[in-house]
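This report walks through one protein chain, from a pair of packed helices to the sheet, the cores and a few loop residues. Keep the structure in view while reading.

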Amino acid sequence: MPKYYTSGEFAKKAHVSIRTIRYYDQKNLLKPSTHTASGARRYTDADFAKLQQILLLKYLGFSLTDIREMTLGSGDRQLLLDSLQIQKRLVEERLKEMQNVATAIDSTSSTLKAGQEVDWNKMLDLIHLTSMNQSLSTQYQNASNISARIKLHRDYSLNKEGWFHWLFRQLDLKPGMKILELGAGNGTLWSQNLDRIPKGLNIVLSDISEGILADAKNEIGDRSEFQYAVFDAQKIPFADNTFDLVIANHMLFYCDNIPKTLKEVKRVVKKGASFACSTYSKRHMHEITDLVQEFNPEIVLSSTNLYDRFGLDNGTEILSHDFTDIICYKYEDAIELSESTPVISYILSCHGNQNSILLDHYNEFKNYVDDKVSDGFHITKDVGCFICKK
């Protein structure tokens, strides 16, 4: 039987005020585990975990509105563990930023002591860079979303080859090729296939986010065949007929102007060379959508159906305006599991309205998913890669 604490006991052990505890209750940030018959709040040791999350995220600069959504489901041990790992990464990143600022301050102090002219623009640029860099809230959400998706596919997929090994095989790389990957993200396509890379490749990994390319560098390590470039795929900063292969892995549907992006790809790829672009269809993981819609029809997991923008069903027609010899290779796979946590984690990672709707119904939703997956749950995958020629 759990040990219960009064509001005063709980606040004292947590080194916060009773007023703070009551305020978090009012804001639906930290509800007590139970109430007495007279209505007094009672907390348990499990509530300390949730409070830790709230206080750390508040320390990192998140708003209480952000924290409310970010701590949804933190009562589940695995979700809590995943969250802690991501928070640790954010703290480490913030430490690096502050160390750079400290170094700049030392340098500026030395310049002043030496009676030399200070370039204040450099100091201002650095401070703006650290403060205007991608917000912690966005970083946290992106890291959480990626982690949830990777875990579900990695741990419960039936095809044990894995998407990135399969995709790498389809590329048919040859020694000496010059390759560009658009929207390379954290470089997983390459970090998972380092021992399969032919000799003499020249590989440019690009992304619109400098931060995520830094993750790619860390994952891949110091390898001379890799270069990194930050740019928008709608304006590729390379000359015509530069590359033997351009890759867009699950990224075309994110482009604001897909026709413009495809024309840029066509421009920089050599005559007769290949463009490889992957996507999925409406059938892909439809069981997840069906699950949440059955719980609450108002839940929408994505405000935009990406497969409508560029998917397996319309990809050939979209590509045919700029490319020829279009072939679609399908990746045969599915997900099967009987645990609710990976499914819930995936659902919470989506870009729709689910978190705001589930905030006050999380326990009910968890019980619902527990029941749905207890005897086994099958998730369809319908994903593939188009390979075409200029």
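The model is predicted. In it, helix H12 (residues 286-295) packs with helix H15 (residues 341-348) at an angle of about 85°, and the two axes are 11 Å apart. Angles of 65 to 115 degrees count as roughly perpendicular, and H12 and H15 are therefore roughly perpendicular to each other. H12 contributes Ile-288, Leu-291 and Val-292 to the contact, while H15 contributes Val-343, Tyr-346 and Ile-347. Sorted by class, this contact of H12 with H15 has 6 nonpolar residues, no polar residues and no charged residues. Two packed helices are described by the angle between their axes and the distance between the axes.

**The chain as a whole**

The protein chain contains 17 helices and 11 strands. Of its 390 residues, 45% are buried. Among contacts between residues at least 6 apart in sequence, 76% join residues at least 24 apart.

**The sheet**

Seven of the strands need to be read in order across the sheet, which is open and has 7 strands. The order is S5-S4-S3-S6-S7-S11-S8, and the pairing is mixed. Strands of a sheet pair through backbone hydrogen bonds, either parallel or antiparallel. Strand S5 (226-230) and S8 are the edge strands, each pairing on one side only. On average, neighbouring strands of this sheet are turned by 20° against each other, direction ignored.

S7 and S11 pair in the antiparallel sense, over 7 bridges. Within S11, Val-383 is the bridge partner of Tyr-280.

Helices also pack here. Helix H10 (residues 210-220) packs on the sheet and touches strand S4 (202-207) and S5. The direction of H10 makes about 170° with that of S5. Helix H11 (residues 258-268) lies across strand S3 (178-182), S6 and S7, and runs at about 145° to S7.

One residue of strand S4 is Asn-202. Is Asn-202 buried, partly exposed or exposed? With a relative accessibility of 25%, Asn-202 counts as partly exposed. Leaving aside neighbours within four places in sequence, Asn-202 is in contact with Met-177, Lys-178, Ile-179, Glu-225 and Gln-227. Asn-202 and Gln-227 are 25 residues apart in sequence, and their C-alpha atoms are 7.8 Å apart in space.

**The buried parts**

Helix H8 (residues 163-171) has several buried residues: Trp-163, Trp-166, Leu-167, Phe-168, Gln-170 and Leu-171. An α-helix has 3.6 residues a turn, so residues three or four places apart point the same way. The buried residues of H8 pack against helix H9 (188-191) and four strands, namely S6 (243-249), S7 (269-280), S8 (324-331) and S11 (383-389). Just after H8 comes Asp-172, with a positive phi of about 50°.

Which residues have the most contacts inside the largest nonpolar core? They are Trp-190 and Phe-275, in a core of 57 residues. S7 supplies the largest share of this core, 6 residues. Residues up to four places away in sequence set aside, Phe-275 touches Val-246, Ala-248, Leu-252, Leu-262, Val-265, Leu-319, Phe-323, Phe-386, Ile-387 and Cys-388. There is also a second, separate core of 27 residues, which includes Leu-291, Val-343, Tyr-346 and Phe-377. Leu-291, Val-343 and Tyr-346 also take part in the contact of H12 with H15.

**Loop residues**

The table lists three residues that lie in loops, with their relative accessibility.

| Residue | Loop | Relative accessibility |
|---|---|---|
| His-15 | between helix H1 (7-14) and helix H2 (18-26) | 74%, exposed |
| Asn-28 | between H2 and strand S1 (34-35) | 34%, partly exposed |
| Ser-303 | between H12 and helix H13 (306-309) | 71%, exposed |

Two of these residues have a backbone angle to note. His-15 has a phi near 60°, a positive value in a residue other than glycine. Asn-28, also not a glycine, has a positive phi of about 60°.

For Ser-303, the point to note is a distance. Ser-303 and Asn-353 are 50 residues apart along the chain, and their C-alpha atoms are separated by 8.2 Å.

Notes. Residues are numbered from 1 along each chain as its sequence is written. This is a predicted model: local features need pLDDT of at least 70, side-chain atom pairs count only at pLDDT 80 or more; totals for chains, interfaces and linings use all residues. Side-chain values use heavy atoms; hydrogens and water are left out. Axes are lines fitted to C-alpha atoms, for helices over the stretch in contact, and angles run from 0 to 180 degrees between N-to-C directions. Helices (H or I, at least four residues) and strands (E, at least two) are DSSP runs, numbered from the N terminus. Angles under 35 degrees count as roughly parallel, over 145 as roughly antiparallel, 65 to 115 as roughly perpendicular and the rest as oblique. Contact means heavy atoms within 4.5 Å. Ala, Val, Leu, Ile, Met, Phe, Trp, Tyr, Cys and Pro count as nonpolar, Asp, Glu, Lys and Arg as charged, and the others, Gly among them, as polar. Buried means under 20% relative accessible area, exposed over 50%, partly exposed in between (1.4 Å probe, protein chains only). A nonpolar core is a set of buried Ala, Val, Leu, Ile, Met, Phe, Trp, Tyr and Cys residues joined through side-chain atoms within 4.5 Å. Two strands pair if DSSP finds at least two bridges between them.
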